[in-house]
Amino acid sequence: MVQYAFYFDGTRCTGCKTCELACKDYKDLDVGFAYRKVYEVTYGDTQKDSNGCVVSTCGGYTVSMACNHCYEPACTKVCPTGAMHKDGETGLVSVNVDRCVGCGYCHMACPYDAPKVDRAKGHSVKCDGCVERVTNGEKPVCVEACPARALDFGTVDQIAALGGTQANIAPLPVPTYTDPNFYIKPSDDAQPVGSADGKAVNPLEVL
Amino acid sequence: MSREDNMSKGTSSISRRSFVKAMGALGALAAAGGIVSVDSLFTGGVPVALADSTEQTTWGHCAINCPGRCALKFHVQDDEVVWVDTYTSSDAGFDDPQPRACLRGRSYRRWLNSPDRINYPMKRVGNRGEGTYERISWDEAIETATDKLEEVIGTYGNEAVYIPYATGVSATTARPFNALLNLIGGYLNFYNSYSTAQISTITPYVYGTAQAGGSSFKTAEDAKLVLVFGSSPTETRQGGLTTHYDWVHLRERTGAKIYMIDYRMNDSILGHSAEWIPINPGTDAALVAGIGHYLIEHDLVNLDFLHTYCVGYDEESMPDDYRGKNMSYHDYIMGTGYDMIEKTPDWASRITGIPAARIESLAEEIGTTAPLYVNQGWGPQRRSNGEWTSWSIMALPCLVGQIGLPGTNNGTRENSGGPTLSSFPTGTNPVSASIPCFLFTDAIDHATEMTSKNAGVKGVDKLKVGIKYMINYAGNCLTNQHSQINKAHDILSDDSKCEFILGINTVMCDSMKYSDIILPDLFRFEQVSQISTGGDVAYMITGQPCTTPKFERKSAYEMVSLMADRLGVKDQFTGGKTEEDWIKSLYENSRSKDATLPTWDEAVDMGVFIQQHSPIVSMQKFRSDPVTNALETTSGKIELFSKKVLSFTNGWELEEGDTLPGLSTVPPIPAYIPEWYGIETTTDEYPLVLGGFHYRGRLHSSWGDIAILKDANPQEAWINPTDATSRGIAQGDTVHVENEFGEIELLAKVTPRVVPGVVAVSQGAWHDADMNGDRVDKGGSINTLTTQRPSPLAKGNPQHTNICQVTRA
Amino acid sequence: MEQAMAELPLIFFTTLAPIGSGAFIVFAMAFFTMRFSDEQMKKLDRLTVIPLVVLAVGFGASFLHLATPAHAMNVFTNLGSSPLSNEIFVGVVFFALAGIYWIVALSGKLSLNARKGFIAVVAIAAIVFSCFIGAAYMMDTIPSWDTPYSILEVVGFCLLGGSLLGMLVLGLAGCLDGAQRGFRKIVFAIALLGTLLMVCSLVAHFTMVGSLSNSLVDGTSVTAEVTSYLVCSVVLAIVALGFEGGALLKGTSTSLMAIGLVLAAVAIFIARIVFYAMQMSVGL
């Protein structure tokens, strides 16, 4: 068995959301659903000093993230039906729509907010790593879409070798919960997990 | 060659993916001629019968006003687009050039099938601006449009016909309406653009034309210091092989220190906030003057360069007839001329909001670091003082002689451009009168008052007649992308002024609601089309129709052919050729000049042709030999003082605030002039400055109606926490932004990424107001709040020069 | 709050299931402490359908929560590992036990001793069911729920709401005429314990959530949103207990018990709104 992983280069990402919208087109997702989302973290102040001059400690960065196809997925653990499952061959986590009851526990449990119940479709939906593309030798649509070349995908060994570290910047939780297959090269502005400066400031765009 | 033959060329069958797109159902219904609700189909089930059919792919290009012109790879099944891919591959390395489409390009399927898409010719049945239309036949539409055209020309002459500025279609055959009008006596010309009026006007005075272009971004890989004024390369040109990719690539490859001077910590800075130098908007000229003062005081100016290559820096380099008048740039900076104020870093600090010590340290770095690459976007120039702001930024590398050398730039925007392709000949316009494009509503409202001295009228001293007939092809500049929408509405909705407006578009955007007749357009990727563009790398895209034309939509070329036929000039217009014939013959012409271009058939097969070239160093020839390679300026040199500006604006009717105190012309040097509605001219009523910016979710107003893009990219007013807190505004609150010109409603983005005292609203949101009611624009279009007063020299749109108040809704 | 309202079917389920199941605890106490005539017993057995209906409505509501109820039979697949599978399994077992008890009792073939044994099992199962309802929300990635309070609250609902529903049914069946002081004391103790569990757990839970924070939200802003709901719930629960106490003093007032039950149900319903609104992921 192989285990696939995503890579995110925070020094290159500009927050353009091409990954998110390319995925939405390919997967035919409507308003309210996104398998890949782009979080903005902004911190610090930009204020005027006593001379009326602008002084800024402001920093900010974006994180593009889909399902991390974790080694210990929170979603599969709570799934009552076994519909949410981790594929034995690829390690990709996906939904068996013929089994899914649409209870939403996977959505609640996932600390990366990857799965969501689409009531119109009657089941949970999420990034499946574009498994049909991957088995065809391609990379997921989001990865090949990135104009800034900030995303990559491959076996976890290949991805870990790119020099990033495992999912350890804000606004992500510590990786110990689910052992995510997501490696990140942080930008200069990136804040550590749990930092008070690591808040995602664009909730409207990601919920 | 028939369309079917072409459909089979340049396309390939691929095996069907394991799951099928719901859009197949739309195809089935659309083909049956029914009008269907797109929304219901996006969420609908998948017809099992379609699961086995094969998918084909076609190449096409984006045609909107972004140099990206991205490669679009349409996956088509049963004559319906099922998804939109781009030029990409799984094995592409960071250095491999691929014109990948941006988020908007990847959302084209939603626009193709948008509920706002125009399907049939229509005629207006309500008042102008109301947007009520009735379907008519093509015959009736063409007859009405051409009869009225002949009537207007007969009554008022050709100067009463106008094609307003528009940015919806770019391709080698995108200007057929101009060609038609030139065959029947011409039309009122325009000059300038809404993108670059001020910088395009001033640059020829400073650098001439032929050699004025900027360096490639790639050139900055050799720089040690990169200064970017008012630009967000990744937001403004998101897709393709243009500045988004080039900027990201440059930042990783260059060893240079980078500073980005902007009133917003824009998206291009994200992740690298140490690069951000926050500045009060509209004050870049003051910053440059303050830096100049430090450079002069510390002997860091390059006098050899200034005396050899420039005119007007100091007394020694002034034109003979202007010596002894204290009119040099040096006099301006050192307080020995003009306003007699010394432009010390302290002085600059009070205006720019940049601490004096920071200005000094920046000046020290500029004076001691080479190569220096100075770059500016087009934001700083789209202001009431934009001509002089952009000129100042060009003056900065001149002061230290960092022009024409490896790793440098001349302070203009980075180079862009693709393989040179010939365009459809539009003929010669027999009408010589020309107006600044920004003043078209004036030319509808009070044309006969407009002269060369008060409104930048060119070709004639004054206009004879107002605009009575407009062809608005692929444009949203009548209202939405023009300024002061409420005033524009009042002028346009009065059909006794402009008597007829022919609108051609793919969607019912705000400007289309003023059309008397509407014709349904095809996208360029629904027809054969070709385009070239590029940034560090040049490329060309040759596209085939992704599907057959749906409903009664036609290409612009077909529409014009029908009009030309009725006007008796069809043969002259077509030259006996179809549009595809034209594209091919134009391409053969291009190939005859550039042997590296592939054959037509090869171009069709490959879809995307990439042409690598060496990085361009701006003004290298001039630097190496300024006599042989003299510039087209009055002096042949770089002009930091322009006699021509003085003579050209002599006798002009200027308004308060258009120039420096004591001058009767506009300033002949790159001086700082406070904006009319700017950081120094806020009022108690409107205490905040308001600027616009390009937003990832739209390109101008294009895609402004696409729900999934709006969902991911909400329309927001950026406001600093200091200004928000004092107004009781929290993140995500609905707020009203208003000034004397109108009121908009949108969400608050409370963020330290914008300097205090400044509000930033992305331009291009679709105007959405009850124009017979309160006129509050719930779409949040910034142009509800922008002024129609033109900038002093260019007579261009100062759309970032605004003041406002913000309140919680 | 939006997030809580999206869970409306679950709010109904987690309100009704503990109340319905809790009634059987009171029945058990009644059988262990009092003797009823055949007439009374028959009436009570007939009216035992009421808590079963409450339960059934709760289960019905939980079905509405599912996007594809048709796949509901799959929910036992991960029995043992998925807290939701466990909850539903225990719920179904409880419902089956209570249902069988009811049918057998109705048939009149239940001896008193057998009845006592059976009802004791059902009563214990009711507590177990409530524990599993609460435990279903305990996931390590949702620290705001991953606390014993999640369980204790539901047990509290079961005891308070169940005691009121049970007493109301007993009253309607005429089983409370001349009820012993001992029984009344026990029932009040159950209700008091339930109220204490519910109120103390809610307040402690609320305080705990206020100290949390994740990348999207601070616990204080979450708790600020639900403070007024929490106060309502606590006050209503205490008032409901008061009504129950009043009813128990008089011994036979079904109207006071009915009012108390409605108040308790509303208090529990609001407590569930608070609970769902306090969902905070460890991450996003």
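In this predicted model, 20 residues of domain 2 of chain B are in contact with 20 residues of domain 3 of chain B. On the domain 2 side of chain B, α8 (233-236) and α15 (386-399) each contribute at least two residues to the surface that touches domain 3. Sorted by class, that side of domain 2 of chain B comprises five nonpolar, ten polar and five charged residues. The C-alpha centres of these two domains of chain B are separated by 28 Å.

Let me place these domains within their chain. Chain B is divided into domain 1, domain 2 and domain 3. Domain 1 of chain B is assembled from the segments 122-195, 428-472, 486-530 and 550-582. Domain 2 of chain B joins 202-416 with 633-648, while domain 3 of chain B covers 688-808.

I turn now from the domains to the chains. Two pairs of chains are in contact, and of these, chains A and B share the most contacts. Here 55 residues of chain B meet 51 residues of chain A. Which elements of chain B each supply at least two residues of the side that touches chain A? They are β4 (80-86), α9 (243-253), β11 (276-278), α13 (345-352) and α24 (707-712) of chain B. The greatest contribution to this side comes from α24(B), with five residues. By class, the side of chain B that touches chain A has 24 nonpolar, 21 polar and ten charged residues.

What, then, of chain B and chain C? No contact joins them, and the closest C-alpha atoms of chain B and chain C lie 12 Å apart.

Finally, I come to chain A, the partner in the A and B pair. Chain A contains seven helices and twelve strands. Its radius of gyration is 18 Å, close to the 17 Å that the globule rule gives for 207 residues, so chain A is as compact as a globular protein of that length. Taken along the principal axes, the C-alpha atoms of chain A fill a box of roughly 65 × 35 × 30 Å. As for burial, 66% of the 207 residues of chain A count as buried. Among the contacts in chain A with a separation of 6 or more, 61% are accounted for by residues 24 or more positions apart.

To close, I return to the two interfaces on chain B. The side of domain 2 of chain B that touches domain 3 has ten polar and five nonpolar residues, whereas the side of chain B that touches chain A has 21 polar and 24 nonpolar residues.

Definitions and conventions. Residues numbered from 1 in each chain as written. Chains lettered and ligands numbered in written order. Predicted model: local features only at pLDDT ≥ 70, side-chain atom pairs only at ≥ 80, totals over all residues. Contact = placed C-beta atoms within 7 Å. Helix = DSSP H or I, 4+ residues; strand = E, 2+ residues; numbered from the N terminus. Nonpolar A, V, L, I, M, F, W, Y, C, P; charged D, E, K, R; others polar. Domains from an automatic or database assignment. Rg over C-alpha atoms; globule rule 2.2 N^0.38 Å. Buried ≥ 20, exposed ≤ 12 C-beta atoms within 10 Å, placed from the backbone.
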